[in-house]
Amino acid sequence: MVASSFAVLRASRLCQQGWKSWARLLVPPPLSTGGWTTWARTNATLSVEPEARSCWDEPLSISVRGLAPEQPVTLRSVLRDEKGALFRAHARYRADAGGELDLARTPALGGSFSGLEPMGLLWAMEPERPLWRLIKRDVQTPFEVELEVLDGHEPDGGQRLARAVHERHFLAPGVRRVPVREGRVRATLFLPPEPGPFPGIIDLFGVGGGLLEYRASLLAGKGFAVMALAYYNYDDLPKNMETMHMEYFEEAVNYLRSHPEVKGPGIGLLGISKGGELGLAMASFLKGITAAVVINGSVAAVGNTISYKDETIPPVTILRNQVKMTKDGLKDVVDALQSPLVDKKSFIPVERSDTAFLFLVGQDDHNWKSEFYADEISKRLQAHGKEKPQIICYPAAGHYIEPPYFPLCSAGMHLLVGANITFGGEPKPHAMAQLDAWQQLQTFFHKQLGSECLHVSPKI
Ligand SMILES: CCCCCCCCCCCCCCCC(=O)SCCNC(=O)CCNC(=O)[C@H](O)C(C)(C)COP(=O)(O)OP(=O)(O)OC[C@H]1O[C@@H](n2cnc3c(N)ncnc32)[C@H](O)[C@@H]1OP(=O)(O)O
């Protein structure tokens, strides 16, 4: 296993910091307290850099000025998703002797997180609605994050001293969004600003289907042509996923490879969960796939048959008696799939693939045994004289390894199981895993797809 390093991330974070812009965003009236000394300050300012807006995957510099020396304050964040669900985080801080507070230098004293966490107010958000996952549906609009500074350390906060609203965007400047309806292919292609050609990537999500675009749109901001590909429960595609026909995915690969703005000869694949399993199947059956990143995928067909021409891979047996209950009343299905070493016909024939692989694994994935699957794929590839894949394991990370700063979704409704299940993961290590995984997959694709490390300016 390759240990991951976070040093690179810190360096890139520092490079992205822009110039300081202090803006007093809200000045509440002074407290009337009958002569008692209070901490509330009328001249506190909250500064967020970049100013006013940024890309979702970009780090922020958050600081407060104009507080009293050593003043205790609580910082709060809130975001409303497109379904109206609220996500919140808060942390207690103490200003320095000069009445300042910089989240890059001042540790949180408790709350949704503690310690030095400059981005904790984003990644530590929790949904107000239980088991709700933060999903961005329309990438053409930003999420608005409201930040507040409150006097004192009371859980519900004291007087509001300052407030800022910051837009987090999913389309970097100049990135183009092109809906695709070609033959049977239903997708959205994101192209970096011209001129191309750009290395091409197909992006696949998992059970639930639909067409989620936010990862593809963010990745296009890093110099890739990324096509978010729907495969069921979208438009005129099948409503369910009884059989996954590789011919559909082949059509999508051919479409992207022949696109005038996509650099050849081969393309990349990115898939999470069921999307990782399908990416593995595509890399095993189809031609023209140079590189694949599988995030917590399976090496077995799960829940449906995979077919290509006259071959079929049947799904592994479900071991219903292995479903356990957690103390929180959630189902834990991690042991509920038969091993593909037993159900050998369900093992995707990865040995046929000449694709370079990167496996990103949450070691606390409770959806299924991602680490075991990655290890078995590695063994199978090497036993057939193929290149050893890169495997990066993240301790205490769960199933949904998303782009940076998405809050952990540690439990939720699983549409295949029909019940709420645990997905695993602890907020802090999961957040660190997301940050590292995002860098690792970009580095891997740039290397394998032969591109220069082009970045679209995140300035919006
Ligand atoms: C006892 C038996 C044992 C069996 C033991 C078997 C073991 C078995 C092992 C596991 C095997 C796994 C194998 C693959 C593991 C993956 O693949 S994990 C899943 C990864 N999936 C993804 O990342 C794709 C997610 N995409 C989606 O879920 C859909 O595209 C979206 C985003 C929900 C949008 O779809 P849509 O049709 O527009 O959704 P919408 O109508 O708004 O809502 C549909 C439902 O989703 C819910 N929903 C919508 N938004 C959200 C949200 N933000 N948060 C939470 N829920 C939401 C809604 O409430 C709604 O539910 P209902 O009201 O119908 O109950």
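User: Two strands count as paired if DSSP finds at least two bridges between them. With that in mind, which residue of β3 stands opposite V48?

Analyst: The model is predicted. In it, β1 and strand β3 (residues 61–65) run antiparallel and are joined by five bridges. Across this pairing, the residue of β3 opposite V48 is I62.

User: Which strands stand at the edges of the open sheet that contains β1, β3 and β6?

Analyst: The order in this sheet is β1-β3-β6, with antiparallel pairing. Each edge strand has a single partner, so one side of each is left without a neighbour in the sheet. The edge strands are β1 (45–49) and β6 (101–102).

User: Where does P50, which follows a cis peptide bond, lie?

Analyst: The bond in question runs from E49 to P50, and its omega is near -5 degrees. P50 itself belongs to the loop between β1 and β2 (53–55).

User: Which strand holds P265, the proline after the cis bond from G264?

Analyst: The peptide bond from G264 to P265 is cis, with omega near 0 degrees. While P50 is in a loop, P265 lies in a strand. That strand covers residues 262–272 and is β16.

User: What is the bridge partner of L270 in β17?

Analyst: β16 runs parallel to strand β17 (residues 289–295), and six bridges join the two. Within β17, the bridge partner of L270 is V293.

User: By how many degrees are neighbouring strands turned against each other, on average, in the eight-stranded sheet?

Analyst: This open sheet has the order β11-β12-β14-β13-β16-β17-β22-β23, and its pairing is mixed. β11 (176–182) and β23 (390–394) each have a single partner strand, so they stand at the edges with one side lacking a neighbour in the sheet. With direction ignored, the average turn between neighbouring strands of this sheet is 20 degrees.

User: At what angle to β22 does helix α6 run?

Analyst: Helix α6 (residues 370–383) lies across β22 (356–362) and β23. The angle of the helix to β22 is about 155 degrees.

User: Which residue in the turn between β18 and β19 has a positive phi?

Analyst: Strand β18 (residues 305–308) pairs with strand β15 (residues 243–245) in the parallel sense over three bridges, and T243 has T305 as its bridge partner. β18 also pairs with strand β19 (residues 311–313), here in the antiparallel sense over three bridges, with I313 as the partner of I306. β18 and β19 form a hairpin with two residues between them, and the turn residue with a positive phi of about 50 degrees is K309.

User: How are α4 and α5 oriented to each other, and how many nonpolar residues make up their contact?

Analyst: The axes of helix α4 (residues 246–257) and helix α5 (residues 274–285) come within 10 Å and cross at roughly 80 degrees. Angles from 65 to 115 degrees count as roughly perpendicular, and the two helices are therefore roughly perpendicular. M246, F249 and V253 in α4 meet L278, A281, M282 and F285 in α5. No polar or charged residues take part in the contact, and the number of nonpolar ones is seven.

User: Which residue offers a polar backbone atom 2.8 Å from an oxygen atom of the ligand?

Analyst: Of the 28 residues around the ligand, R133, R137, V207, G209 and S273 come nearest. A ligand nitrogen atom is 3.4 Å from an N or O atom in the side chain of W132, and a ligand oxygen atom is 3.2 Å from a polar backbone atom of K274. The residue with a polar backbone atom at 2.8 Å from a ligand oxygen atom is V207.

Conventions:
Residues are numbered from 1 along each chain as its sequence is written. This is a predicted model: local features need pLDDT of at least 70, side-chain atom pairs count only at pLDDT 80 or more; totals for chains, interfaces and linings use all residues. Side-chain values use heavy atoms; hydrogens and water are left out. Helices (H or I, at least four residues) and strands (E, at least two) are DSSP runs, numbered from the N terminus. Axes are lines fitted to C-alpha atoms, for helices over the stretch in contact, and angles run from 0 to 180 degrees between N-to-C directions. Angles under 35 degrees count as roughly parallel, over 145 as roughly antiparallel, 65 to 115 as roughly perpendicular and the rest as oblique. Contact means heavy atoms within 4.5 Å. Ala, Val, Leu, Ile, Met, Phe, Trp, Tyr, Cys and Pro count as nonpolar, Asp, Glu, Lys and Arg as charged, and the others, Gly among them, as polar. A residue is near a molecule or strand if one of its heavy atoms lies within 4 Å of it. A polar contact is a pair of N or O atoms within 3.5 Å; within protein, one must be able to donate a hydrogen and the other to accept it, and residues adjacent in sequence count only if both atoms are side-chain atoms.
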